Amino acid sequence: MAAWLLTCNPDVFDIASFRSDGQVLTSWTIARHKSEVAAGDDFALWVTGANAGLIAYGHFTGSAARGKADAEYWASDPGEKDYVPLEVDEWLDRLAPKSQLAADPRMAGASIPTQPFAGNPHRLTDSQWDAVLAAINISKGADPEWHLNPGDEIRRVELHDRYGGSSQNGISPSRTTSNILIFTAPTSGHQHGYYDTWNEDGTFHYR
């Protein structure tokens with residue numbers, strides 16, 4: 001079995017309205033690897049654009065076949081295309097952001113960061129699929145009261161106003177929320193004896 005990444009451009013297909021209307025996703029258009037996709041293959045669905053990230057995952061239920069989709073949710077009639085049948089195992093309540101995957105060294109060499117608008121599907125190696133699953137699990141376990149995603153920027157004073165904690169310490173437990181805030185400056189920390197860095201296995205060394 002293989003693993004794939006499917007992309008959705010929300011300006012082309014209105015996935016938000018499709019879901020809010022209670023529609024069930026049973027297939028997706030593909031433009032390449034048509035003879036390679038097969039029942040049992042895993043997939044994750046990636047939405048492109050300003051808020052890019054993973055929104056669902058599941059498995060294919062058959063081989064690709066020619067067909068025509070209902071044009072209701074498309075910006076323009078897609079016409080006849082190749083579709084792969086699928087079943088969504090879970091829609092994510094909280095998107096797993098692009099920055100989460102970009103920070104994972106296991107995604108090195110993946111086509112999605114550099115070719116997000118290339119034809120579906122994007123093939124994933126075993127390690128890249130592991131990185132996708134890790135990003136999904138982080139998203140599923142995210143604190144619903146935490147409003148920042150990896151890669152977001154916020155002033156420290158605003159961060160403490162929102163989540164508590166001390167503005168003086170590198171490790172700052174909060175008395176008002178269930179968060180422990182950790183601060184690092186990898187470009188300048190060594191000047192003060194700190195050597196914080198990402199390891200090749202995706203873990204973060206903080207000292």
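In this predicted model, Pro85 touches Thr26, Ser27, Phe60, Thr61, Gly62 and Ser63, leaving aside residues up to four places away in sequence. Pro85 belongs to strand E6, an element that also gives two or more residues to the largest nonpolar core. The points below start with Pro85 and go on to the cores, the aromatic rings, two helices and some local backbone features.

**Pro85**

- With a relative accessible area of 25%, Pro85 is partly exposed, because that class lies between the buried limit of 20% and the exposed limit of 50%.
- Pro85 and Ala64 are 21 residues apart in sequence, and their C-alpha atoms are 7.0 Å apart in space.

**Nonpolar cores**

- The largest nonpolar core contains 21 residues, and those with the most contacts inside it are Leu6, Phe13, Trp28, Leu45, Phe60 and Leu86.
- Two or more residues of this core come from each of strand E1 (3-8), helix H1 (15-20), strand E2 (27-30), strand E3 (42-47), strand E4 (53-60) and strand E6 (80-97).
- A second core, separate from that one, has 19 residues, including Ala52, Leu54, Tyr57 and Ile112.
- As a general tendency, nonpolar side chains in soluble globular proteins are buried together.

**Aromatic rings**

- How many aromatic pairs are there? The count comes to six.
- The ring centres of Phe13 and Trp74 are 5.1 Å apart and the planes meet at 65 degrees, so this pair is edge-to-face; the cut-off for that class is over 60 degrees.
- Phe13 is in the loop between E1 and H1, while Trp74 is in the loop between strand E5 (65-68) and E6, so the pair ties together parts 61 residues apart in sequence.
- Both Phe13 and Trp74 are buried.
- Phe18 and Tyr73 form another edge-to-face pair, at 5.3 Å centre to centre and with 80 degrees between the planes.
- This pair also links distant parts of the chain, since Phe18 is in helix H1 and Tyr73 is in the loop between E5 and E6, 55 residues apart.
- Phe18 counts as buried at 10% relative accessibility, and Tyr73 counts as buried at 11%.
- Ring pairs join Phe13, Phe18, Trp28, Tyr73 and Trp74 into a cluster.
- Phe13 touches Cys8, Phe18, Trp28, Tyr73 and Trp74, again leaving aside residues up to four places away in sequence.
- Elsewhere, Arg156 lies over the face of Phe183, at 3.5 Å from the ring centre.

**Helix H3**

- Helix H3 (residues 126-140) has 15 residues and should span 21 Å at 1.5 Å a residue; its end C-alpha atoms are 21 Å apart, which agrees.
- Which residues of H3 are buried? They are Gln128, Trp129, Ala131, Val132, Ala135, Ile136 and Ser139.
- These buried residues cover an arc of only 155 degrees around the axis, so they are on the same side of H3.
- In an α-helix there are 3.6 residues a turn, so residues three or four places apart point the same way.
- Asp126 and Asn137, on the other side of H3, are exposed.
- The cover over the buried residues of H3 includes E1, E3, E4, E6, helix H2 (98-102) and strand E7 (122-124).

**Helix H4**

- Leu159, His160 and Tyr163 are buried in helix H4 (residues 156-163).
- Their arc around the axis is only 95 degrees, which puts these residues on the same side of H4.
- Strand E8 (171-173) and strand E9 (180-182) are among the elements that cover the buried residues of H4.
- Tyr163 has a relative accessible area of 2% and is therefore buried, the limit being under 20%.
- Tyr163 and Ile180 are 17 residues apart in sequence and 9.3 Å apart in space, C-alpha to C-alpha.
- Gly164 follows H4 and has a positive phi, near 85 degrees.

**Backbone features in loops**

- Asn120 and Pro121 are joined by a cis peptide bond, with omega at about -5 degrees.
- Pro121 is in the loop between H2 and E7.
- His33 is a residue other than glycine with a positive phi, near 55 degrees.
- His33 is in the loop between E2 and E3 and counts as partly exposed at 23% relative accessibility.

Technical notes:
Residues numbered from 1 in each chain as written. Predicted model: local features only at pLDDT ≥ 70, side-chain atom pairs only at ≥ 80, totals over all residues. Heavy atoms only, no water. Core = buried A, V, L, I, M, F, W, Y, C linked by side-chain atoms within 4.5 Å. Buried < 20%, exposed > 50% of the residue type's maximum accessible area, 1.4 Å probe, protein only. Helix = DSSP H or I, 4+ residues; strand = E, 2+ residues; numbered from the N terminus. Contact = heavy atoms within 4.5 Å. Phe/Tyr/Trp six-rings, centres within 6.5 Å; stacked < 30°, edge-to-face > 60°. Lys NZ or Arg CZ within 6 Å of the ring centre and 35° of its normal. Arc of directions from axis to C-beta. Expected span 1.5 Å × (residues − 1).
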